[in-house]
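Grab a pencil and open the viewer. Here are a few short exercises, each with a solution worked out in steps.

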Amino acid sequence: MRNATFIGRITRVPKMVQGKNCAPVSIAVNESYKNKETGEYVPKSYFVTSWAYGKTGEFAERNLKPGDIVSVEARVGTLTNSDGHTEGYSFSVNNLNVVSKGVKHDAALSDAPPF
């Protein structure tokens, strides 16, 4: 199986690409690791873009906003150059679930973190 599951926050509004029938779904995935020298946990973020096709792309465009937490199950593909060498990976959305809608910001709560 070539599937991967990512859970993270939407980083930008998905927009359907004209003529392609797909929308990029970009999310920030967070993790942390323990620094061997200090023993402290260090946060790390990864930014993953998956491509939602057809009705899934239309749903993403209508319903997802930055800050929303989503679960994306995607099929992993490889990107190759003209020599046949792997240059990267692509992710096509198989399943997209909204876990939580983003927080609405209020002027009185401007000092509060967005999550």
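**Exercise 1. Find the bridge partner of Ser32 in strand 3, then place that pair in its hairpin.**

Ser32 is bridged to Pro43 in strand 3. One step along, Tyr33 has Val42 as its bridge partner in strand 3. Keep in mind that this is a predicted model.

Now zoom out to the two strands. Strand 2 covers residues 22–34, and strand 3 covers residues 41–53. The two run antiparallel and are joined by 13 bridges. They make a hairpin, with 6 residues between the strands. Check the turn as well: Gly39 sits there with a positive phi of about 80 degrees.

**Exercise 2. Work out how strand 1 pairs with strand 2, and name the residue opposite Ile10.**

Start with the ranges: strand 1 is residues 3–10, and strand 2 is residues 22–34. Their pairing is antiparallel, over 2 bridges. For the residue pair, look across from Ile10 and you'll hit Ile27 in strand 2.

**Exercise 3. Is Val29 buried or exposed, and what does Val29 touch?**

First, locate Val29: it belongs to strand 2. Next, take its relative accessible area, 15%. The cut-off for buried is under 20%, so Val29 counts as buried.

For the neighbours, skip residues up to four places away in sequence; Val29 then touches Phe6, Ile7, Lys44, Ser45, Tyr46 and Val48. Ile10 isn't on that list; the C-alpha atoms of Val29 and Ile10 are separated by 9.3 Å, with their positions 19 residues apart along the chain.

**Exercise 4. Two loop residues between strand 1 and strand 2: describe Thr11 and Asn21.**

Take Thr11 to begin with. Thr11 lies in the loop between strand 1 and strand 2, and its relative accessible area of 35% makes it partly exposed. Leaving out residues up to four places away in sequence, Thr11 touches Ser26, Ile27, Ala28, Phe47 and Pro66. Pro66 is 55 residues away along the chain, yet the two C-alpha atoms are separated by 4.9 Å.

Asn21 is in the loop between strand 1 and strand 2 too. Asn21 is partly exposed, at 43% relative accessible area. Now look at the backbone: phi is positive at Asn21, about 55 degrees, though Asn21 is not a glycine. Most residues other than glycine have a negative phi.

**Exercise 5. Which residues does Asp68 touch, and which side chain does it reach with a polar contact?**

Step one is the location: Asp68 is in the loop between helix 1 (54–63) and strand 4 (69–80). Step two is exposure: with a relative accessible area of 3%, Asp68 is buried. Step three is the contact list, again without residues up to four places away: Gly8, Arg9, Ile10, Asn63, Ser100, Lys101 and Gly102. Step four picks out the side chains: a polar contact of 2.9 Å joins Asp68 and Lys101.

**Exercise 6. What does Trp51 contribute to on the surface?**

Trp51 is located in strand 3. At 31% relative accessible area, Trp51 is partly exposed. Patch members need over 30%, and Trp51 is one of the members of a nonpolar surface patch, along with Val17 and Tyr53. Together the three have about 260 Å² of accessible area.

Technical notes. Residues numbered from 1 in each chain as written. Predicted model: local features only at pLDDT ≥ 70, side-chain atom pairs only at ≥ 80, totals over all residues. Heavy atoms only, no water. Pairing = 2+ DSSP bridges. Helix = DSSP H or I, 4+ residues; strand = E, 2+ residues; numbered from the N terminus. Buried < 20%, exposed > 50% of the residue type's maximum accessible area, 1.4 Å probe, protein only. Contact = heavy atoms within 4.5 Å. Patch = residues over 30% accessible without salt bridge, like charges linked within 9 Å, V, L, I, M, F, W, Y side chains within 5 Å. Areas by Shrake-Rupley, 256 points an atom, 1.4 Å probe, with all protein chains shown as cover. Salt bridge = Lys/Arg side-chain N within 4 Å of Asp/Glu carboxyl O. Polar contact = N/O pair within 3.5 Å; in protein donor to acceptor, adjacent residues only side chain to side chain.
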